[in-house]
Amino acid sequence: MTHVITQKCLGERYGDCVAVCPVECIHPIEHEGKPFMIIDPQVCIDCGVCLPECPIGAIVASEGEAPSDAALAASLAPQAVEYEKTHGKAPTRPPNDPPRRPDNKLVR
Ligand code: SF4
Ligand code: SF4
């Protein structure tokens with residue numbers, strides 16, 4: 001079992017989760033033409049540190065809570081690792097810039 005990023009994350013610009021992962025297994029990718037983030041299930045140690053960092057609750061603690069997103073992550077992880085090599089890591093959210101949905105509405 002590993003933590004999983006769900007499609008709630010689709011379109012989000014910042015990777016607050018990335019900055020805290022101790023094994024650097026959260027990688028950016030484009031999915032359906034939008035920014036997306038993948039947890040590599042082969043590398044994730046299930047520490048749970050990333051989960052409370054996500055400002056929109058896009059991370060779940062087990063594959064069983066989001067089976068289709070877990071399958072997507074498993075299939076996209078190798079591509080995401082390669083994508084990160086050329087595009088770099090997702091930046092963290094700047095201070096005072098509240099999270100927004102892809103339609104630019106504030107989340108909270
Ligand atoms: S913090 Fe949440 S919204 Fe931001 S990249 Fe990570 S999972 Fe996606
Ligand atoms: S659970 Fe831990 S190891 Fe897995 S992605 Fe989150 S921070 Fe990284």
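Buried residues make up 27% of the 108 residues in the protein chain of this predicted model. The secondary structure comes to 2 helices and 4 strands, in the order β-α-β-β-β-α from the N terminus. Among contacts with a separation of 6 or more, 73% join residues 24 or more positions apart. Two ligands are each surrounded by 14 residues.

**Ligand surroundings**

- Ligand 1 has 14 residues around it, and C9, E12, G15, C17 and C54 are the closest of them.
- The shell of ligand 1 divides into 10 nonpolar, 1 polar and 3 charged residues.
- Ligand 2 is also surrounded by 14 residues, of which H3, C21, C44, C47 and C50 come nearest.
- The shell of ligand 2 divides into 11 nonpolar, 2 polar and 1 charged residues.

**Helix α2: geometry**

- Helix α2 covers residues 67-87, which is 21 residues.
- At 1.5 Å a residue this helix should span 30 Å, and the end C-alpha atoms are 28 Å apart, so the two values agree.
- The helix bends by about 50° at L76.
- A proline, P78, follows L76 within four residues.
- Just after α2, G88 has a positive phi of about 80°.

**Helix α2: buried residues**

- D69, A70, A73, A77 and A80 are the buried residues of α2.
- In an α-helix with 3.6 residues a turn, residues three or four places apart point the same way.
- The cover over the buried residues of α2 includes β1 (4-5), β2 (26-31) and β3 (34-39).
- D69, in helix α2, counts as buried because 21 other C-beta atoms lie within 10 Å, where 20 or more are required.
- Leaving aside neighbours within four places in sequence, D69 is in contact with V4, I5, T6 and Q7.
- The C-alpha atoms of D69 and I5 are separated by 7.0 Å, although these residues are 64 residues apart along the chain.
- A77, also a residue of helix α2, is buried because it has 20 other C-beta atoms within 10 Å, and 20 or more is the criterion.
- Outside the neighbours within four places in sequence, the contacts of A77 are I38, D40, P41 and Q42.
- A77 and H27 are 50 residues apart in sequence, with a C-alpha to C-alpha distance of 7.7 Å.

**Strands β2 and β3**

- The pairing of β2 and β3 is antiparallel and runs over 6 bridges.
- H27 has I38 in β3 as its bridge partner.
- Both residues of this bridge also appear in the surroundings of A77: I38 is in contact with A77, and the C-alpha atom of H27 is 7.7 Å from that of A77.
- The two strands form a hairpin with 2 residues between them.
- E32 is in the turn of this hairpin and has a positive phi of about 55°.

**Loop residues and backbone angles**

- Most residues other than glycine have a negative phi.
- E32, found in the loop between β2 and β3, has a positive phi although it is not a glycine.
- E32 counts as exposed because it has 8 C-beta neighbours inside 10 Å, and the limit is 12 or fewer.
- E24 lies in the loop between α1 (16-20) and β2.
- E24 is not a glycine either, and its phi is positive at about 50°.
- E24 is exposed because 11 other C-beta atoms lie within 10 Å.
- Q42 belongs to the loop between β3 and β4 (59-60).
- Q42 is likewise exposed, with 11 other C-beta atoms within 10 Å.
- The C-alpha atoms of Q42 and T2 are separated by 8.6 Å, and the two residues are 40 residues apart along the chain.
- Q42 is exposed, yet one of the residues in contact with it is A77, which is buried.

Notes:
Residues are numbered from 1 along each chain as its sequence is written. Chains are lettered from A and ligands numbered from 1 in the order in which they are written. This is a predicted model: local features need pLDDT of at least 70, side-chain atom pairs count only at pLDDT 80 or more; totals for chains, interfaces and linings use all residues. A residue is near a molecule or strand if its C-beta atom, placed from the backbone, lies within 6 Å of it. Ala, Val, Leu, Ile, Met, Phe, Trp, Tyr, Cys and Pro count as nonpolar, Asp, Glu, Lys and Arg as charged, and the others, Gly among them, as polar. The expected span of a helix is 1.5 Å times one less than its number of residues. The bend at a residue is the angle between axes fitted to the seven residues ending there and the seven starting there. Two residues are in contact if their C-beta atoms, placed from the backbone, lie within 7 Å. Two strands pair if DSSP finds at least two bridges between them.
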